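Me: I have a structure open and would like to learn how to read it. Could you take me through it step by step?

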Amino acid sequence: MYQKLVRKEVMGILEKEVTSFLDKFLTPIEKIWQPSDYLPDPSSSDFKYDLEEIQTFAREMPYDLFVTLIGDCITEEALPSYESWLMGVEGINQEEKVGWANWIRAWTAEENRHGDLLNKYLYLCGRVNMREVEITTQYLINDGFDLGTSMDPYRNFIYTSFQETATNISHRRVGTLAKQSGNGKLAKMCGVIAADEARHAKAYKHFVAKILEIDPSEMILAFEDMMRKKIVMPAHLMRQSGQKAGELWGHFSDAAQRCMVYTGNDYINILSDLLDEWKIEHVKGLTEKAEKAQEYLMKLPARLQKITDRVSTPDLQFQFNWVKS
């Protein structure tokens with residue numbers, strides 16, 4: 001007979017392995033890259049040349065690609081919201097220095113470098129109204145967010161598996177497009193960030209896989225619930241000065257879609273990859289309700305594809321306050 005497990009109990013089982021998770025998926029602080037490794041050194045005799053190179057390539061970047069880069073930076077800069085949210089998840093005791101709390105802090109510390117690097121790059125590039133970018137960032141942290149996960153660890157791990165994969169795609173694509181135009185410095189920056197995101201995605205996908213072994217029905221139901229709600233990106237309440245929370249997100253998404261950095265098809269592909277990664281079709285020992293959820297999930301990519309094929313992206317560029325005219 002199927003016995004429903006308590007989330008806290010499952011998190012406790014996995015918590016015994018957190019030290020191995022840290023060793024496997026994160027990099028020691030003394031060994032990992034830091035933003036200064038990829039930014040021009042102001043004390044160097046080459047600084048003026050390096051700065052001119054950065055500013056020249058920034059001026060030449062297509063508008064939609066440039067605002068996508070800025071939006072990616074702002075998303076990374078809102079990290080305090082993400083850490084505080086995850087610290088409140090059931091089964092995580094933020095007062096502890098070990099276990100899941102240690103994972104969240106270590107993950108946050110790695111992620112923090114991303115916004116730090118991109119923010120400094122944007123400051124140096126000379127094409128950005130940094131005050132407007134800072135206003136958007138402050139609003140994003142101030143407005144908070146609702147991921148649709150509540151404090152459920154299963155839903156949160158589904159979310160982070162999806163979101164870390166999406167950010168990997170976005171940073172990697174910006175880097176690829178930058179490299180094609182000869183912007184090697186930005187390409188390297190985006191590349192190292194994307195590599196971090198890939199490792200983090202691998203970690204959260206591993207957590208889900210472990211829970212599927214312990215509590216498959218509840219994890220399948222959590223997965224179904226998240227996909228019915230749709231995965232919202234952490235910056236979905238993005239706004240700029242003079243706007244209400246969320247007003248800017250659609251315009252940012254359109255820009256990312258137009259320059260092919262992150263599209264509706266990417267959303268579907270991530271879902272399909274997660275279904276394969278977790279072998280959802282072959283999970284056994286499910287409750288009747290979970291079996292129906294399993295069936296729904298396996299049919300979902302085809303359904304989403306039909307919808308995506310009918311959706312068109314606006315051709316008109318939105319004028320962001322972030323970019324200097």
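Me: Let's start with charge. How many positive and negative side chains does the protein have, and how far apart do the centres of the two sets lie?

Reply: Count each kind, then compare where the two sets are centred. In this predicted model, there are 39 positive and 48 negative side chains. Their centres lie 3 Å apart.

Me: Next, the fold. Which elements does the protein have, helices or strands?

Reply: Read along the sequence and note each element in turn. Here you meet 13 helices and zero strands, so the pattern is α repeated from start to end.

Me: Why does a radius of gyration of 21 Å agree with a compact globule?

Reply: You hold the value against what the chain length would give. For 325 residues, a compact globule would come out near 20 Å, and the protein has 21 Å, which agrees. The C-alpha atoms fill a box of roughly 70 × 50 × 35 Å along the principal axes.

Me: And the inside? What share of the residues is buried?

Reply: Buried residues make up 53% of the 325. In soluble globular proteins, nonpolar side chains tend to be buried together. The largest nonpolar core here has 105 residues, and Trp 103 and Trp 322 have the most contacts inside it. Helix α9 (residues 184–214) gives the largest share of this core, 12 residues.

Me: Which residues is Trp 103 in contact with, leaving aside its neighbours within four places in sequence?

Reply: Among them are Val 18, Phe 21 and Leu 22, as well as Ala 203, Tyr 204 and Phe 207. Happy exploring!

Key. Residues numbered from 1 in each chain as written. Predicted model: local features only at pLDDT ≥ 70, side-chain atom pairs only at ≥ 80, totals over all residues. Heavy atoms only, no water. Helix = DSSP H or I, 4+ residues; strand = E, 2+ residues; numbered from the N terminus. Rg over C-alpha atoms; globule rule 2.2 N^0.38 Å. Buried < 20%, exposed > 50% of the residue type's maximum accessible area, 1.4 Å probe, protein only. Lys, Arg positive; Asp, Glu negative; His and termini not counted. Charge placed at Lys NZ, Arg CZ, Asp CG, Glu CD. Core = buried A, V, L, I, M, F, W, Y, C linked by side-chain atoms within 4.5 Å. Contact = heavy atoms within 4.5 Å.
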